[in-house]
Amino acid sequence: MNDNWTEQARRFVSVLPHCRLLDMSVELASATELHMRLPYSDALIGNPDNGVLAGGCLTTLMDTSCGTAVFVALECNEVCPTLDLRVDYMRSATPGKDIIAVARVIRITASVVFTRCDLYEDTTAAEADVAKLEDDSDKAPKLVATCTAAFMRIGQHLDRSKANAK
Amino acid sequence: MPNEVTSPNKYKQAALAARESGDYQAIVDLIPYAGLIGIKVYDMGIHPTFIMPANKDNIGNPMLPAIHGGVIGGLMETSAALHLLMTMDSIAMPKIIDFSLDYLRAGRHTDTYASCQVWRQGSRVANVAITAWQTDPAQPIAVARAHFLLVQE
């Protein structure tokens, strides 16, 4: 079942031209969470003096993560446009580090879907182990930004016949 | 670490040069992300206006087709930072604190414009409203509000 969610999310993101340009990928999707990765790239730098990623590519990552979480959470593969997006930037992302998005669908109503998303700097497994062993919060994955986003249900379906057949 | 990011202070030198010449496109050209989504200075009048020409790489919904909402956000955030650079005393790149974006209409696969209004600029924080439109400024596709930390030099 889990693989099915992830597969669905990957297929959804794979046809979005701008997400391909940014090389964004779905790491995993489940009934409760969706993880996406944005690889660090010099092309995404917003401040040329320090190599910090532009806010815009992080906004794109969060919008895509939340939107994809909505897509897989709704039956019949509804496509929902973003109604609004609110982002708080906690710290500048360390240059060179990939960014991991963790998105959740909070509530689904007849017209609106509410979501949240957190962005972390990618931590290697080794780094995570060291942080756990040493109980060192400085080494835990760093929260870069948080976001809440709402999506409109407009009843636009992708591949409805296929979804109904399931 | 990123390899050849521009040398430190290259951007500051360009910002100083732009103050002299009024050619702010030179600053935009130094920001890789602005180049990636294609932001350009459109009009340097009393209200600086930025343009993001239609670009198939910016599409987020291939069915409509429509520009990716994140790219519209990217245009608006970058425009706000550039607007502050052009109008305030400091030449340090402002750091975004938070950003609230309302989508009003689908961004069609066509040229998109953005302009900003600084509602308040304190010693440390600026509040900026941003409007993005395509064919008619009175029918924006998105409006946003951002706070920026004005970095002390």
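Student: What joins β1(B) to β2(B)?
Tutor: A hairpin of five residues links β1(B) to β2(B). Keep in mind that this is a predicted model.

Student: And how do those two strands pair, parallel or antiparallel?
Tutor: Antiparallel, over three bridges. Strand β1 covers residues 40–43 of chain B, and strand β2 covers residues 49–52 of chain B.

Student: Which residue stands opposite Val41(B)?
Tutor: Phe50(B), in β2(B).

Student: New topic. How many residues does helix α4 of chain B have?
Tutor: 19, running from 69 to 87. From its first C-alpha to its last, α4 reaches 27 Å, close to the 27 Å expected at 1.5 Å a residue.

Student: Why is α4(B) described as largely enclosed?
Tutor: Because 17 of its 19 residues are buried, α4(B) is largely enclosed by the rest of the structure. A residue counts as buried if 20 or more other C-beta atoms lie within 10 Å of its own.

Student: OK, now the two chains. How many residues does each put into the contact?
Tutor: Chain B puts in 39 residues and chain A puts in 33.

Student: Which parts of chain B supply at least two residues each?
Tutor: On the side that touches chain A, they are α1 (10–21), α3 (32–37), β3 (59–61), α4 and β5 (95–103).

Student: Which one gives the most?
Tutor: β5(B), with eight residues.

Student: What about residue classes there?
Tutor: The side of chain B that touches chain A has 21 nonpolar, 11 polar and seven charged residues.

Student: What does β5(B) pair with in chain A?
Tutor: Strand β6 (residues 82–89) of chain A, antiparallel, through five bridges. Within that pairing, Arg86(A) has Ser100(B) as its bridge partner.

Key:
Residues are numbered from 1 along each chain as its sequence is written. Chains are lettered from A and ligands numbered from 1 in the order in which they are written. This is a predicted model: local features need pLDDT of at least 70, side-chain atom pairs count only at pLDDT 80 or more; totals for chains, interfaces and linings use all residues. Helices (H or I, at least four residues) and strands (E, at least two) are DSSP runs, numbered from the N terminus. The expected span of a helix is 1.5 Å times one less than its number of residues. A residue is buried if 20 or more other C-beta atoms lie within 10 Å of its own, exposed if 12 or fewer, and partly exposed in between; C-beta atoms are placed from the backbone. Two strands pair if DSSP finds at least two bridges between them. Two residues are in contact if their C-beta atoms, placed from the backbone, lie within 7 Å. Ala, Val, Leu, Ile, Met, Phe, Trp, Tyr, Cys and Pro count as nonpolar, Asp, Glu, Lys and Arg as charged, and the others, Gly among them, as polar.
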